[in-house]
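Work through the exercises below with the structure in view. Try each task before you read its solution.

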Amino acid sequence: MTQPVIIVASLMRLEGTTGVQAHMREFVGYLTGRSLPHEIATPFHWPTSPLLALFIALRRVLERLYKPAAVALYRRGHSALLGVRLRTLMRRHPNCVVYA
């Protein structure tokens, strides 16, 4: 039996100054240092970037018109893009563990 791929999932980029981002970077470093198979899932993965650009543009318009709608779009949009990335990775690696 092959070793499961660990999918590290986050709504945020791994680069940044928050504690969550620091933890995720440390965990990815741990996996890399032990040559454990892993993939990273964020809404910022390049194949979804055209959709991300669309969400950002629409959010900027909504921020001027109605801020609560902009926040809702931000949350739902990033969640949807993360879902696209996760589904892609889980199809590619049916034997996986998702760490979120």
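Angles over 145 degrees between N-to-C directions count as roughly antiparallel, and angles under 35 degrees as roughly parallel. Keep in mind that this is a predicted model.

**Exercise 1.** Determine how helix H2 and helix H3 are oriented to each other.

Solution.
Step 1. Locate the helices: H2 covers residues 49-65 and H3 covers residues 67-92.
Step 2. Read the geometry. They pack at an angle of about 165°, and their axes are 7 Å apart.
Step 3. Apply the cut-off. H2 and H3 are therefore roughly antiparallel to each other.
Step 4. Add the handedness: H2 passes H3 in a left-handed crossing.
Step 5. Look at the contact. Among the residues that make it are Leu 51, Phe 55 and Leu 62 of H2, and Ala 70, Leu 73 and Leu 81 of H3. The contact residues divide into eleven nonpolar, two polar and three charged.

**Exercise 2.** Is Ile 56 buried, partly exposed or exposed?

Solution.
Step 1. Find Ile 56 in helix H2.
Step 2. Take the cut-offs: buried is under 20% relative accessible area, exposed is over 50%.
Step 3. Ile 56 has a relative accessible area of 27%, so Ile 56 is partly exposed.

**Exercise 3.** Find which strands stand at the edges of the sheet.

Solution.
Step 1. Write the order of the open sheet: S2-S1-S3, with parallel pairing.
Step 2. Strand S2 (38-41) and strand S3 (96-99) each have a single partner strand, so they stand at the edges.
Step 3. Check one pairing: four bridges join strand S1 (residues 5-9) to S2. Ala 9 stands opposite Ala 41 in S2.
Step 4. Add a helix. Helix H1 (residues 19-33) packs on the sheet and touches S1, S2 and S3.

How values were computed. Residues numbered from 1 in each chain as written. Predicted model: local features only at pLDDT ≥ 70, side-chain atom pairs only at ≥ 80, totals over all residues. Heavy atoms only, no water. Axes fitted to C-alpha atoms, helices over the stretch in contact; angles between N-to-C directions. Helix = DSSP H or I, 4+ residues; strand = E, 2+ residues; numbered from the N terminus. Parallel < 35°, antiparallel > 145°, perpendicular 65-115°, else oblique. Left-handed = near helix turned anticlockwise from the far one by under 90°. Contact = heavy atoms within 4.5 Å. Nonpolar A, V, L, I, M, F, W, Y, C, P; charged D, E, K, R; others polar. Buried < 20%, exposed > 50% of the residue type's maximum accessible area, 1.4 Å probe, protein only. Pairing = 2+ DSSP bridges.
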